[in-house]
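Let's take a walk through this model together, from its sheet to a few individual residues. Have the sequence and the 3D view open as you read.

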Amino acid sequence: MSAAEGPLVVGVDTSTQSTKALVVDAATGRVVASGQAPHTVSSGAGRESDPREWWDALGEALNQCGEAAHEAAAVSIGGQQHGLVTLDGQGEPVRPALLWNDVRSAPQARRLIEELGGAKAWAERTGSVPSASFTVTKWAWLAEHEPEAARAVKAVRLPHDYLTERLTGEGTTDRGDVSGTGWWASGTEEYDEGILARVGLDPALLPRVVRPGEVAGTVRDGHGLPFSKGTLVAAGTGDNAAAALGLGLRPGVPVMSLGTSGTVYAVSQRRPADPTGTVAGFADARGDWLPLACTLNCTLAVDRVAALLHLDREAVEPGTDATFLPFLDGERTPNLPHSSGLLYGLRHDTTAGQLLQAAYDGAVHSLLGALDLVLDADADPSAPLLLIGGGARGSAWQQTVRRLSGRPVQIPEAKELVALGAAAQAAGLLTGEDAAAVARRWNTAAGPVLDAVERDEATLNRITGVLSDAAPLLERDTTSH
């Protein structure tokens, strides 16, 4: 390992499927070491993980980084949003964490919206209309279905909070991640005690919200990780806010992230409040806002379609009138938690490659439909769309986004943007800089730009029409039959 120019920092991405750790030179942004370890997620109706697996995976990922991790002066953890982590008085999980893509709490989401004044009231109060992804609905589900477990809970955390607390011994969170719970009031930037009372959650069980740029704590003794005692620990944040930091985003620049879930977002200086619920009015990790729309079905869903067709994921063919809505896990955008995949327009001459392209089209259509709602009216409509996430490396994804968006598409060369954003947050503790400014200094968004092509309005309109016509079928809850 060549000598670093500045102090070393660690950025962590604890995602749905794995934990990744980067050791980064705070002066240059150069990644000097990295590691990754998987976790397991349950299958079936629920999506759950044991939080202790995240900790073990963090240890394994850091061990892969070698001596560089031990030399780090600061660390920050970015993590999957919304997950409900319930702990007992000893800090041990009461039950496995309910993850963001566990949609069993859809009935509780509907009921909470009705009980607290409707969608518009929720948007004005918390910035978002809660869906089954939001933590508040998961707590309501737990209290209803597993009351003994709920009574045993002495602390409620988000996934990144859990790991940060095991490092520092302090219960903390940040405004970016807490804004996705449904129990944080975006106008006052405080916990909403009325909502907490409605779902029977004592505010004393919740972590302290650390302000942007504030130190969350220091690494304590006995953690078993290759950090020195006293290493600074940043607040951390949710994965999308961390990726926004990692890109050094300025207001109005659109981002599409293609991963297990698909997201579109942009930094805004205006507090969002979308009464339709399409756009979640998240806070960012700095002091601005991060209006965001999320789909449950993105790369994994399209890969599953490719596997069913016995095709490589790149083996797409043009020229089909078939429409494929790849809502394999239910869907959040559009809000169809009980839906499943839908294929319409199959003909004798339809090829497997055309069906695969239709699945890509269906996934991207959902994201682009929300993008106009995410962007402020004064955003530049010709600005390149930043394409990130695992899918951004795939040609079929790149060309589908380019064709259906009509925008130039820029693909940042930097990988692991969530972990890089966490590293920038950690570096900011050492230098006193704004974390996004650190990332811009590291030039993380640099990458090739694909020129704009004419927008494929015919395909977009066809998918919109099928989605509208099929709405009664897609809204039907077949799980109870």
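Helices and strands here are DSSP runs, a helix having at least four residues and a strand at least two, and they are numbered from the N terminus. With that in hand, Asn 443 can be placed in the loop between α15 (435-442) and β24. Please keep in mind that this is a predicted model.

**The sheet**

A good place to begin is the open sheet of 7 strands, which has mixed pairing and the order β18-β19-β17-β16-β22-β23-β24. Its edge strands, β18 (280-283) and β24 (449-450), each pair on one side only. As general background, strands of a sheet pair through backbone hydrogen bonds, either parallel or antiparallel.

Strand β16 (residues 255-258) shows both kinds of pairing. With β17 (residues 262-265), β16 runs antiparallel, and 4 bridges join the two. They form a hairpin with 3 residues between them. With β22 (residues 385-388), β16 pairs in the parallel sense over 3 bridges. You can follow this at Ser 257: its bridge partner in β17 is Thr 263, while in β22 it stands opposite Ile 388.

Is β16 covered on one face or both? In a regular strand the side chains alternate between the two faces of the sheet. In β16, Val 255 and Ser 257 lie on one side and Met 256 and Leu 258 on the other, and all four are buried, so both faces are covered. Two helices lie across β16, β17, β19 and β22: α10 (residues 239-247), running at about 55 degrees to β17, and α12 (residues 352-374), running at about 20 degrees to β17.

Towards the β18 edge, β18 and β19 (residues 289-295) run antiparallel and are joined by 4 bridges. Phe 282 has Leu 290 as its bridge partner in β19.

**Aromatic rings**

The structure holds 3 aromatic pairs. A pair of aromatic rings is described by the distance of the centres and the angle of the planes. Two of the pairs are set out below.

| Pair | Centre distance | Plane angle | Arrangement |
|---|---|---|---|
| Trp 54 and Tyr 162 | 6.2 Å | 80 degrees | edge-to-face |
| Phe 134 and Phe 282 | 6.2 Å | 35 degrees | tilted |

Each of these pairs links distant parts of the chain. Trp 54 is in helix α1 (residues 51-64) and Tyr 162 in helix α7 (residues 159-168), 108 residues apart; both are buried. Phe 134, in the loop between α4 (119-126) and α5, is 148 residues from Phe 282 in strand β18, and both of these are buried too. One more ring is worth a look: the charged end of Arg 175 sits over the ring of Trp 289, 4.9 Å from its centre.

**Helix α5**

Helix α5 (residues 135-145) is mostly covered, with 8 of its 11 residues buried. Among them are Trp 139, Trp 141 and Lys 138. The buried residues of α5 pack against several elements, including α3 (106-115), α6 (147-152) and α9 (193-198).

**Two buried residues**

Which residues does Cys 294 touch, beyond those up to four places away in sequence? The answer is Ser 261, Gly 262, Thr 263, Glu 331, Arg 332 and Thr 333. Cys 294 lies in strand β19, and because its relative accessible area is 6%, it counts as buried.

Ser 18, in strand β2 (residues 18-25), counts as buried because its relative accessibility is 6%. Its side chain makes a polar contact of 3.1 Å with the side chain of Gln 36. Leaving aside neighbours within four places in sequence, Ser 18 is also in contact with residues including Asp 13, Pro 38 and His 39.

**Backbone details**

Most residues other than glycine have a negative phi, and most peptide bonds are trans. A few places depart from this pattern. The peptide bond from Thr 333 to Pro 334 is cis, with omega near 0 degrees; Pro 334 is in the loop between β20 (323-325) and β21 (342-344).

Glu 416 has a positive phi, near 55 degrees, and lies in the loop between β23 (409-410) and α14 (417-431). At a relative accessible area of 31%, Glu 416 is partly exposed. Asn 443 has a positive phi as well, near 60 degrees. Is Asn 443 buried or exposed? Asn 443 counts as exposed, because its relative accessibility is 53% and the cut-off for exposed is over 50%.

Terms used: Residues numbered from 1 in each chain as written. Predicted model: local features only at pLDDT ≥ 70, side-chain atom pairs only at ≥ 80, totals over all residues. Heavy atoms only, no water. Buried < 20%, exposed > 50% of the residue type's maximum accessible area, 1.4 Å probe, protein only. Pairing = 2+ DSSP bridges. Contact = heavy atoms within 4.5 Å. Axes fitted to C-alpha atoms, helices over the stretch in contact; angles between N-to-C directions. Polar contact = N/O pair within 3.5 Å; in protein donor to acceptor, adjacent residues only side chain to side chain. Phe/Tyr/Trp six-rings, centres within 6.5 Å; stacked < 30°, edge-to-face > 60°. Lys NZ or Arg CZ within 6 Å of the ring centre and 35° of its normal.
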